[in-house]
Amino acid sequence: MVHRKSLVYLSILGIAVFVAGVAVRNHTVKAARLDHATAVAPYFPPGAIWTKDISHEPLDPQSSAIIGWLDQAGGWNARNKMQVDTSLRVLEANSSTPQVPFRKGSEWTSPDSDEVSTVPLPEGGGMEGVSNYHCPSGDCHLIVADRSHGKLYEAYAADYDGMKLSSHFLAVWDLNRIYPPSGRGDQCTSADAAGFPIAPLLFNADELAAGSINHAIRFILPNPRMRAGFFVHPATHAGAPRGPALAPPMGALFRLKANYDMSQLSPAAQVVARAMQKYGMYLSDGGNITLSAQDDRDTKVKYADLGFDSHSLFPLQVKDFEVVQLGEPIRLTYNCVRNK
């Protein structure tokens with residue numbers, strides 16, 4: 001009996017050593033994959049609002065009331081879960097990227113949109129939610145960063161028919177400019193309802209692997225949970241919110257509380273949480289999936305390598321956040337006046 005017990009013990013010990021060895025090897029492999037991961041280069045010059053440390057900014061006097069109202073209204077969405085959307089692609093263009101003709105879509109937004117004759121379209125790229133440049137749903141974003149020319153192209157309802165690219169809206173952001181609080185112009189929208197650029201607010205797998213997100217994050221709420229008829233800078237527009245006065249307005253900046261217990265989150269999710277504490281997250285659009293991240297088809301590292309997925313931030317509740325001082329609410333008029 002003793003002999004059999006010893007064999008069982010040795011067998012269990014051997015299995016444990018084997019499992020530990022596999023775990024170590026897997027850890028080593030994962031670490032090797034991430035050795036060369038680097039955070040995304042900033043899209044705008046130092047001093048751009050998206051990279052401002054807001055960890056010590058004062059709270060809005062209505063912070064507790066706004067958070068309390070949002071929590072009572074159902075929180076982040078119908079399930080009250082902070083889900084992550086990873087379908088937005090950010091393509092990188094350069095001086096050799098083919099330029100394709102651009103045409104206004106049937107519901108062209110003017111004067112909010114920028115008028116151009118061509119747009120760079122990287123070979124082998126694609127748009128939000130699809131693997132190419134054809135958008136069958138009519139609801140796709142196209143985002144192309146052309147750093148060689150200092151431009152960021154962001155189009156909404158974009159589609160490429162093999163001859164020309166069209167969209168209902170196109171913003172061409174100047175990557176060499178620090179925009180004022182009124183962005184591209186008060187009452188002017190962008191590819192996001194708030195009037196923000198999208199790419200600078202998306203986090204990606206390379207940043208998670210590098211261990212640092214050095215910018216604010218894009219987040220959205222259902223339209224009934226945003227204040228109707230008003231926005232606050234740096235937003236310049238408000239889309240279609242339908243909430244009461246205590247609902248957060250478009251452009252509101254939420255910050256994760258400094259005392260949040262990070263042990264509830266995986267290591268990769270903690271990287272996102274730390275960015276929420278230092279840079280915050282801006283209310284950018286209406287919808288049901290709270291956070292937006294870049295599709296990992298265009299990054300070196302994949303989310304699966306990090307154990308990160310759309311549910312990784314579920315532990316974060318509305319009451320874990322606070323609202324940074326909002327500034328003066330601006331009534332929505334839709335009278336877009338573009339900044340020069």
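## Working through the fold: exercises

Among contacts in the protein chain between residues at least 6 apart in sequence, 73% join residues at least 24 apart. Keep in mind that this is a predicted model.

**Exercise 1. Take stock of the chain: how many helices and strands does it have, and what share of its residues is buried?**

Solution. Start with the secondary structure: you should end up with five helices and 16 strands. Then turn to burial. The chain has 340 residues, and buried ones make up 50% of them.

**Exercise 2. Find where Lys319 and Asp71 sit in the chain, and how they meet.**

Solution. Begin with the side chains, which come together in a salt bridge with an N to O distance of 3.5 Å. Next, place the partners: Lys319 is in the loop between α5 (303-306) and β15 (321-323), while Asp71 belongs to helix α2 (residues 63-72). That puts them 248 residues apart, so distant parts of the chain are linked by this pair. Last step, accessibility: Asp71 comes out at 21%, and because buried means under 20%, this residue counts as partly exposed. For context, the structure holds 12 salt bridges.

**Exercise 3. Set the Arg147 pair beside the Arg218 pair: which residues are buried and which are partly exposed?**

Solution. Take Arg147 to begin with. Its salt-bridge partner is Glu92, with the closest N and O atoms 3.3 Å apart. Arg147 lies in the loop between β5 (141-146) and β6 (151-156) and Glu92 in strand β2 (residues 91-93), so parts 55 residues apart in sequence get tied together. Arg147 is partly exposed at 31% relative accessibility, and Glu92 is partly exposed at 41%.

Now for Arg218, which bridges to Asp192 with closest N and O atoms 2.6 Å apart. Since Arg218 is in strand β10 (residues 217-221) and Asp192 in the loop between β9 (169-174) and α3 (205-210), the pair joins parts 26 residues apart. Here both Arg218 and Asp192 are buried.

One extra to look up while you're at it: Asp114, Arg184 and Arg338 form a linked network of salt bridges.

**Exercise 4. Which residues have the most contacts inside the largest nonpolar core, and which helix gives the most to this core?**

Solution. The core has 76 residues, and the ones to click on are Leu291 and Phe308, which have the most contacts inside it. As for the helix, α4 (residues 267-278) gives the most, with seven residues. Now zoom in on Leu291: leaving out residues up to four places away in sequence, its contacts include Met82, Val84, Phe203, Phe219, Val272 and Leu313. There's also a second, separate core of 20 residues, with Cys140, Leu142, Leu165 and Val172 among them.

**Exercise 5. Work out which strands stand at the edges of the four-stranded open sheet.**

Solution. Write down the order: β4-β3-β8-β7, with mixed pairing. β4 (118-120) and β7 (159-160) each have a single partner strand, so they stand at the edges and one side of each has no neighbour in the sheet. To check one end, look at β7 and β8 (residues 165-167), which pair in the antiparallel sense over two bridges. Leu165 in β8 is the bridge partner of Tyr160.

**Exercise 6. Which residues are closest to the centre of the largest pocket?**

Solution. First get its volume, about 610 Å³. Of the 32 lining residues, the closest to the centre are Asp139, His141, Tyr156, Ala191 and Asp285. Finally, look at the strands: β10 and β13 (281-286) each supply at least two residues of the lining.

Definitions and conventions. Residues are numbered from 1 along each chain as its sequence is written. This is a predicted model: local features need pLDDT of at least 70, side-chain atom pairs count only at pLDDT 80 or more; totals for chains, interfaces and linings use all residues. Side-chain values use heavy atoms; hydrogens and water are left out. A salt bridge is a side-chain nitrogen of Lys or Arg within 4 Å of a carboxyl oxygen of Asp or Glu. Buried means under 20% relative accessible area, exposed over 50%, partly exposed in between (1.4 Å probe, protein chains only). A nonpolar core is a set of buried Ala, Val, Leu, Ile, Met, Phe, Trp, Tyr and Cys residues joined through side-chain atoms within 4.5 Å. Contact means heavy atoms within 4.5 Å. Two strands pair if DSSP finds at least two bridges between them. On a 1 Å grid over the protein atoms alone, a cavity is a set of points where a 1.4 Å probe fits but cannot get out, and a pocket is an open set with protein on both sides within 12 Å along at least five of seven lines; lining residues have an atom within 4 Å of a point. Grid points are joined across faces, edges and corners, and a volume is the space filled by probe spheres set on the points.
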